[in-house]
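Trainee: Got a minute to go through a model with me? I'd like to ask a few things as we look at it.

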Amino acid sequence: VILSAMKRRGTFYYKKKHFLPISTLLYRLRQNAFSLGTICLLSMTTLVVIATTSCLYFGAQHSLQQDYPTDVKVSVSYKEQLPDSGFLFSQIEEILQKHQQTPKNLKELYSLNFSVPADPSQTSLEDDKGIFAKDAVLISVLTADSYNQLTGTPIEALEKNQILLFDSAGKTPPSSFSLLGETYGVKDKLTTFPESNIPLESTMNRYGLVVDTTETMMKIYQGQTAEYREYGGVGTVMTYTIQFDLTGTAAEKKECEQALKALHLPGEEPSGADQGAASSQGATEAQGTASPQKATEAQEPPPEQEASLQVSGKEFAQEEYNAKIGGIFFIGLFLSILFLLITVLVIYYKQLAQAFSDKADVTVMKKIGFSNQQIKQSILWQFSTVYLLPLIIALLHATILYQGITKLLLFFSLEGSALFNKCLLFSAASFSGVYLIAFFLSTLSYYLLVSGKKPRG
């Protein structure tokens, strides 16, 4: 559009210094539209692949730490009846003594996570307002004691039906909060909420509630299960978690984690028969009634089962994280090199093809009075405009995709954009450097071919 407007201005266009660049640039843009679009697409894909896979690779330890804040996590998903914590602790103590381990940073937590419509005062979980609805929000509930253990910040005692409220949208907290037909008084607003209890992969808006006791949490649980049941669904179960660190070497920790898989609930076989295998987070997890034979996926407890126990260890998870992230990084590196080579080859051979077709035109230009310097400047200006434009557009597209990619990284427990910013800047700088080198070398080859000169050496 800009070049066409310049061409319509006769007094400007028909000057010697403007006529050649504008006319030839218009011609090249029309002739190379498909190639330029291909270069732009390849450039953007290369940038995104390099930035994303490098972020996953260098953020692997952070991701592991987010999913496994301690060496061992024992989780019991239960419904109406609280699990027998004394029974579990007696088993844990026996196994730790056998392996000469002393637990560190021991935490005992109660939590509940489920989804409701965007307006928490609504109770309808119909198809258009259910857990998968676009306007659904995530509700995460912790007891006051669990919140204190996770944050290390004591809070004042809460009264019955009184809560501390976290809103991911950062809105000013109301004086009361309605949820599933019940109203709770908001004592104070929380600016942060423990990430280990809010799934990082969730991109929904989130409310975090700190309640006084497990009895209040049970009341919320019963309200949401009744609402799900009304619409033919199954409510979310509550989770009781014991997590702690181990001492010793990595091999000693791994051996102890393996032994802890024999943990079981009252009434179940203590042998650890019918144990499960790796969890969806990559840890090797076991159900109390599971066999030692590994399965490909950890199975969720059936609806009629009142409680289900799972044990996960960081050392086992570390191995699977290395395999998973290493595989993704290798594929990303391979695709990046492939796309980069294709981009360079498209630029190089496109300019060589143009050189053979433009050789006669350059000869005519010399005969009508254009000097070699003018021809050289014209070629550099044309190709700079034509072939640097895809790079600029690719960088712009990568910037537009920024928000979507950062949300995608939440599925790998990489919250925050600092690491991705560094990876994106490094990818843009390295790719631009290779692109510019390829551009100048191919432009030099073009000039030597159309001018009839041979490369030195």
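Trainee: Where does N105 sit?
Mentor: N105 is in strand β2, which covers residues 104-117. Keep in mind that this is a predicted model.

Trainee: And what's odd about the phi of N105?
Mentor: The phi of N105 is positive, about 55°, although the residue is not a glycine. In general, most residues other than glycine have a negative phi.

Trainee: Is N105 buried, partly exposed or exposed?
Mentor: N105 has a relative accessible area of 48%, so it counts as partly exposed. The cut-off for exposed is over 50%.

Trainee: OK, what about N161, what is its phi like?
Mentor: N161 has a positive phi too, near 60°, and N161 is not a glycine either. Its place is in the loop between α7 (144-151) and β4 (162-167). With 26% relative accessibility, N161 is partly exposed.

Trainee: Switching to T70: where is that one?
Mentor: T70 is in the loop that runs between α5 (60-67) and β1 (72-78).

Trainee: Buried or exposed?
Mentor: T70 is buried, because its relative accessibility is 5% and buried means under 20%.

Trainee: What does the side chain of T70 have close to its polar atom?
Mentor: The backbone oxygen of V72, at 3.0 Å from a polar atom of the T70 side chain.

Trainee: And which residues does T70 touch further off in sequence?
Mentor: Beyond four places in sequence, T70 is in contact with Q243, F244, D245 and K314.

Trainee: New topic, cavities. How many of 30 Å³ or more turn up in the whole structure?
Mentor: One. The largest cavity holds about 30 Å³ of space.

Trainee: Which residues line the largest cavity?
Mentor: The lining is made up of V362, K366, N372, I375, I379, Y447, V450 and S451. Two or more lining residues come from each of α10 (314-367), α11 (372-400) and α13 (418-450). α11 contributes the most, with three.

Trainee: How does that lining split by class?
Mentor: Five nonpolar residues, two polar and one charged.

Trainee: Last thing: what is the mean pLDDT of the chain?
Mentor: The mean is 76, and 74% of the residues reach 70 or more.

Trainee: Where does pLDDT stay under 50?
Mentor: One stretch is residues 123-133, where the model has 25 contacts beyond four places in sequence. Another is residues 271-304, with 86 such contacts in the model.

Conventions:
Residues are numbered from 1 along each chain as its sequence is written. This is a predicted model: local features need pLDDT of at least 70, side-chain atom pairs count only at pLDDT 80 or more; totals for chains, interfaces and linings use all residues. Side-chain values use heavy atoms; hydrogens and water are left out. On a 1 Å grid over the protein atoms alone, a cavity is a set of points where a 1.4 Å probe fits but cannot get out, and a pocket is an open set with protein on both sides within 12 Å along at least five of seven lines; lining residues have an atom within 4 Å of a point. Grid points are joined across faces, edges and corners, and a volume is the space filled by probe spheres set on the points. Helices (H or I, at least four residues) and strands (E, at least two) are DSSP runs, numbered from the N terminus. Ala, Val, Leu, Ile, Met, Phe, Trp, Tyr, Cys and Pro count as nonpolar, Asp, Glu, Lys and Arg as charged, and the others, Gly among them, as polar. Buried means under 20% relative accessible area, exposed over 50%, partly exposed in between (1.4 Å probe, protein chains only). A polar contact is a pair of N or O atoms within 3.5 Å; within protein, one must be able to donate a hydrogen and the other to accept it, and residues adjacent in sequence count only if both atoms are side-chain atoms. Contact means heavy atoms within 4.5 Å. pLDDT is the predictor's confidence in each residue, from 0 to 100.
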